[in-house]
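Me: I have this model open on my screen and I'd like a close look at the charged pairs. Could you walk me through them, and then wander out to whatever else catches the eye?

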Amino acid sequence: RAGKNNKETAYVLNYFKVSPPMLIKDVKARASDVISLKPKVKGKHSYVNLRKIWESMQEQGLKTMPIVAEDGYFQGLVTLGDLARKYLAVFHGDDQRIENVSLKNIIKTLDGKIILGDENHILSGKVTVLAMAPESITDFFETGGIVIIGNRTDAQKEAIKLRPSLMIVTGAFKVEEEIISLAKEYQVAIISVPHDTYAAARLITMSVPASTIMRTKDIVTFYEDDCIEDIKPIMLETRYRNYPVLNSNHQVVGMMARYDLLALNGKKVILVDHNERSQAISGIEEAEVLEVIDHHRLGDVQTGEPIYFRNEPVGSSATIIANLYYQHQLDPDPQIAGILCAAILSDTMLFKSPTCTMIDKLTAEKLGLKANINIKQFGIDMFRAGTSLEGLNAYELLHKDFKTFQMGNLKVGIGQVDTMDLQGILTYKDELLKEMKLKKEVQGYDVVLMMLTDIFEEVTELLMAGDRKESVAQAFGVELQQGSITLSKVLSRKKQIVPLLTKILAD
């Protein structure tokens, strides 16, 4: 549905115990329609290591990766360029050091196993590769740092005595018991890794957490409900490779890029009970119209390709839809049958409207049997519920069933309210005329009309606002009195009002 349910619709849905259809405010293309990638690395940015990010990028063929918390909350971005700069800067200046890295992260990054120490211990310090004679170690070493070393027992002993925080033994070599005992004495953690010394030295830089290189400022993000028309100029100004798309809870739902916009297809839409752009939902010009099922005059909706277009001169689009069921040898369930029957009764005003055909009557009777309702009594109850004015003001009455029509160069608005108490609703006449004049002025209508239709007396009081109200009155051959005319046997906007006005006003 594209708007608020009226009282009549609410009564029908309630009667058949059917939930109201989902409200759709527009069919504009949004960020959620063009998400091409749904990557993310989960985990708190302070411990997700760079190797994990790199591997995720490789697996998914990406060059930009959003980092999200366990609950999906967006924390920041890491790009392939960020990783490359960190990796290539190893052992240059401050990049010889690692800061606030858990032993667990180092073990994961180097595919190692713990020999001695607490994996939750946080390490910081200079990284030193010991590939020289033991007596030369002190010239390169920093107490409290991290040492990468092979299986030379003498060098291991000397290194431990200088009190590093961690000794990494490469090549998956066995660590001797005397080395483990000495490490306990000097409170040095030991891990064994399968890589050679060169690879270990390169990989350890990838053990640092995402927070060390993650971008958190000046990131351009979009929300999944953002319109593409608003996104395009921002992309043209910033020209990043990828943009994170978030939901209302600031959680990452995917990524989008400029090339996604090139392949954008509009939302797929089937127009039911209308085929004029002015009556369609906002954004229809961006959508892909697949079908039209209607019983009104032909409007101005254009399509790029041939489509299925079914338009029949019957009293209700529900008649067409019900017969589509039968033509495809499908039997609507009792709830759907009841709703379709109610729609036919509403559109044809209990078969009194001049738009009503024998097909409408026969279809409604068939649906009524399936729904197990007395269609005459049900229709009266439905109209009684729908025509209740309780709690409604003049603005709400005007917009209860309001449609816009293009008649030649003129913009014409026509509202309609069905009632079982015409005199009661006429007490709103002055207020309605004020609302109609305001709508004409604010929204640029040439003529605004309001049909107050008594279903059972079969009479309509037609209220008018605009410069051409005299022409409207003359078209019906009735004298205008205090802003309205009375039309006997006139019930249908579609068949008795619009065709005549189109001819007169277009001329």
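Reply: Let's start with R152, which is partly exposed at a relative accessible area of 40%. Keep in mind as you click around that this is a predicted model. The side chain of R152 meets that of D154 in a salt bridge, 3.5 Å from N to O. D154 is partly exposed too, with a relative accessible area of 38%. In general, side chains of opposite charge can pair when their charged atoms come close.

Next, go to K157 and E178. Their side chains form a salt bridge at 3.0 Å, N to O. K157 belongs to helix α5 (residues 153–161) and E178 to helix α6 (residues 177–186), so this pair ties together parts that are 21 residues apart in sequence. Are these two buried, or do they see some of the outside? K157 has a relative accessible area of 28%, so it counts as partly exposed. E178 comes out at 45%, again partly exposed.

Now for E276 and R297, whose side chains meet in a salt bridge of 2.8 Å, N to O. Here both partners sit in loops: E276 is in the one between β13 and β14 (288–294), and R297 is in the one between β14 and β15 (308–311), so the pair links parts 21 residues apart in sequence. What about cover? E276 has just 7% relative accessibility and counts as buried, because the cut-off for that is under 20%. R297, on the other hand, is partly exposed at 27%. Elsewhere, R51, E55 and D111 are joined into one network by salt bridges that share partners. If you'd like the tally, a search of the whole structure finds 15 salt bridges.

That's the charged side of things, so let's turn to something greasier. I270, V272 and L290 make a nonpolar surface patch of about 220 Å². To find I270, look in strand β13, residues 268–272. I270 has a relative accessible area of 44%, which makes it partly exposed.

While you're browsing, have a look at the backbone as well. Most residues other than glycine have a negative phi. R163 has a positive one, near 60°. You'll find R163 in the loop between α5 and β8 (166–169), and with a relative accessible area of 44% R163 is partly exposed. M349 also has a positive phi, near 50°, and is likewise a residue other than glycine. M349 sits in the loop between α11 and α12 (358–371). The surroundings of M349 are another matter: at 5% relative accessible area, M349 is buried.

Since we've mentioned α11, let's finish with how that helix packs. How do α11 and α13 lie relative to each other? The axes of α11 (residues 334–347) and α13 (residues 375–386) come within 10 Å and cross at roughly 70°. Angles of 65 to 115 degrees count as roughly perpendicular, and therefore that is how α11 and α13 are described. The crossing of these two helices, α11 and α13, is right-handed.

Key:
Residues are numbered from 1 along each chain as its sequence is written. This is a predicted model: local features need pLDDT of at least 70, side-chain atom pairs count only at pLDDT 80 or more; totals for chains, interfaces and linings use all residues. Side-chain values use heavy atoms; hydrogens and water are left out. Patches are made of residues with over 30% relative accessible area and no salt bridge: like charges are joined within 9 Å, nonpolar side chains (Val, Leu, Ile, Met, Phe, Trp, Tyr) within 5 Å. Accessible areas come from the Shrake-Rupley method with a 1.4 Å probe; for residues, only the protein chains shown count as cover. A salt bridge is a side-chain nitrogen of Lys or Arg within 4 Å of a carboxyl oxygen of Asp or Glu. Helices (H or I, at least four residues) and strands (E, at least two) are DSSP runs, numbered from the N terminus. Buried means under 20% relative accessible area, exposed over 50%, partly exposed in between (1.4 Å probe, protein chains only). Axes are lines fitted to C-alpha atoms, for helices over the stretch in contact, and angles run from 0 to 180 degrees between N-to-C directions. Angles under 35 degrees count as roughly parallel, over 145 as roughly antiparallel, 65 to 115 as roughly perpendicular and the rest as oblique. A crossing is left-handed if the near helix is turned anticlockwise from the far one by less than a right angle, and right-handed if clockwise.
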